[in-house]
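Got your viewer open and a selection box ready? Let's walk through this one stop by stop.

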Amino acid sequence: MTERPEIRTSYALPANLGGTLLRGTRCRCPRCGDGKLFHAWLKPRDHCPVCALDISGQRADDFPAYIAMFVTGHLLAPIIIALVLDFDLSAGALVAIILPLAVAMMIALLQPAKGAVIALQWWNGMHGFRRERAQDDDEGVLK
Ligand SMILES: [Zn+2]
């Protein structure tokens, strides 16, 4: 039988929304920054293994997919334009280059986007998350 690691009760809360989103993008717990947010590719854990934050109430829904599509489209647009204008490629060659690239970028962006959406919900205290902020007098360490 494996022993569960002890739940930490003291951790540094993120100082601002940017730090929170960075933790989420790294697929880490937005509250403690150490616990892994996902137990499978897009399946978040019910609780953070480090600080026991209840993640089960998150409602990311389709928003991470929209973010991944938006970013992929904006990153690929100049590449597509350059391929079409600067190289004499057939339509089949363009599809052979662009389609796998777009699929790979979407797959790579989905998990960080979902982590960022969960972190955004935690920062704003949405969907059952309790709104928590670092205290100024003890350098952001919640006791
Ligand atoms: Zn945590």
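Start with helices H2 and H3: they pack at an angle of about 150°, and their axes are 8 Å apart. That angle makes H2 roughly antiparallel to H3, since anything over 145 degrees gets that label. Turn the view until you look across the pair, and you'll find that H2 passes H3 in a right-handed crossing. Keep in mind throughout that this is a predicted model.

Now keep H3 on screen and bring in H1. The axes of these two helices come within 7 Å and cross at roughly 140°. That makes H1 oblique to H3. The crossing of H1 past H3 is right-handed.

Staying with the helices, select Val 71, which lies in helix H2. Is Val 71 buried, exposed or partly exposed? Its relative accessibility is 29%, so Val 71 counts as partly exposed. Add Leu 109 to the selection and draw a distance between the C-alpha atoms: Val 71 and Leu 109 are 38 residues apart along the chain, and those atoms are separated by 8.4 Å.

Next stop, the metal. Which residues are the protein donors of the zinc ion? Select Cys 29, Cys 32, Cys 48 and Cys 51, and show their SG atoms, which lie 2.2 to 2.3 Å from the zinc ion. If you like to search by pattern, the donors follow the spacing C-x2-C-x15-C-x2-C along the chain. Check the geometry too: the four donor atoms subtend angles of 107 to 115° around the zinc ion, which makes the arrangement tetrahedral. The test behind that word is that all angles lie between 85 and 135 degrees. Switch on a surface for two of these ligands, and you'll see that both Cys 48 and Cys 51 are buried.

From there, pick Ala 52, in the loop between helix H1 (17–25) and helix H2 (63–86). A backbone angle is the reason to stop here. Most residues other than glycine have a negative phi. Phi of Ala 52, though, is near 65°, a positive value in a residue other than glycine. Ala 52 is partly exposed, with a relative accessible area of 33%.

The loop between H1 and H2 also holds Asp 61. What is the phi of Asp 61 near? The value is near 50°, again positive in a residue other than glycine. With a relative accessible area of 53%, Asp 61 is exposed, as the cut-off for that word is over 50%.

Jump now to the loop between H3 and E2, where Gly 128 is found. Gly 128 has a relative accessible area of 81%, so it is exposed. Select Ser 56 as well: Gly 128 and Ser 56 are 72 residues apart along the chain, while their C-alpha atoms are separated by 8.7 Å.

Last pick: Glu 132, found in the loop between helix H3 (91–123) and strand E2 (141–142). Buried or exposed, would you guess, for Glu 132? The relative accessibility is 5%, so Glu 132 counts as buried. Show the side chain of Trp 122 beside it, and a polar contact of 3.5 Å joins the side chains of Glu 132 and Trp 122.

Note on methods. Residues are numbered from 1 along each chain as its sequence is written. This is a predicted model: local features need pLDDT of at least 70, side-chain atom pairs count only at pLDDT 80 or more; totals for chains, interfaces and linings use all residues. Side-chain values use heavy atoms; hydrogens and water are left out. Helices (H or I, at least four residues) and strands (E, at least two) are DSSP runs, numbered from the N terminus. Buried means under 20% relative accessible area, exposed over 50%, partly exposed in between (1.4 Å probe, protein chains only). A polar contact is a pair of N or O atoms within 3.5 Å; within protein, one must be able to donate a hydrogen and the other to accept it, and residues adjacent in sequence count only if both atoms are side-chain atoms. Donors are N, O and S atoms within 2.8 Å of the metal (3.2 Å for Na, K and Ca); water is not among the atoms, so sites may look incomplete. Four donors count as tetrahedral if all angles lie between 85 and 135 degrees; four count as square planar and six as octahedral if opposite donors are over 155 degrees apart and all others between 65 and 115; anything else is irregular. Axes are lines fitted to C-alpha atoms, for helices over the stretch in contact, and angles run from 0 to 180 degrees between N-to-C directions. Angles under 35 degrees count as roughly parallel, over 145 as roughly antiparallel, 65 to 115 as roughly perpendicular and the rest as oblique. A crossing is left-handed if the near helix is turned anticlockwise from the far one by less than a right angle, and right-handed if clockwise.
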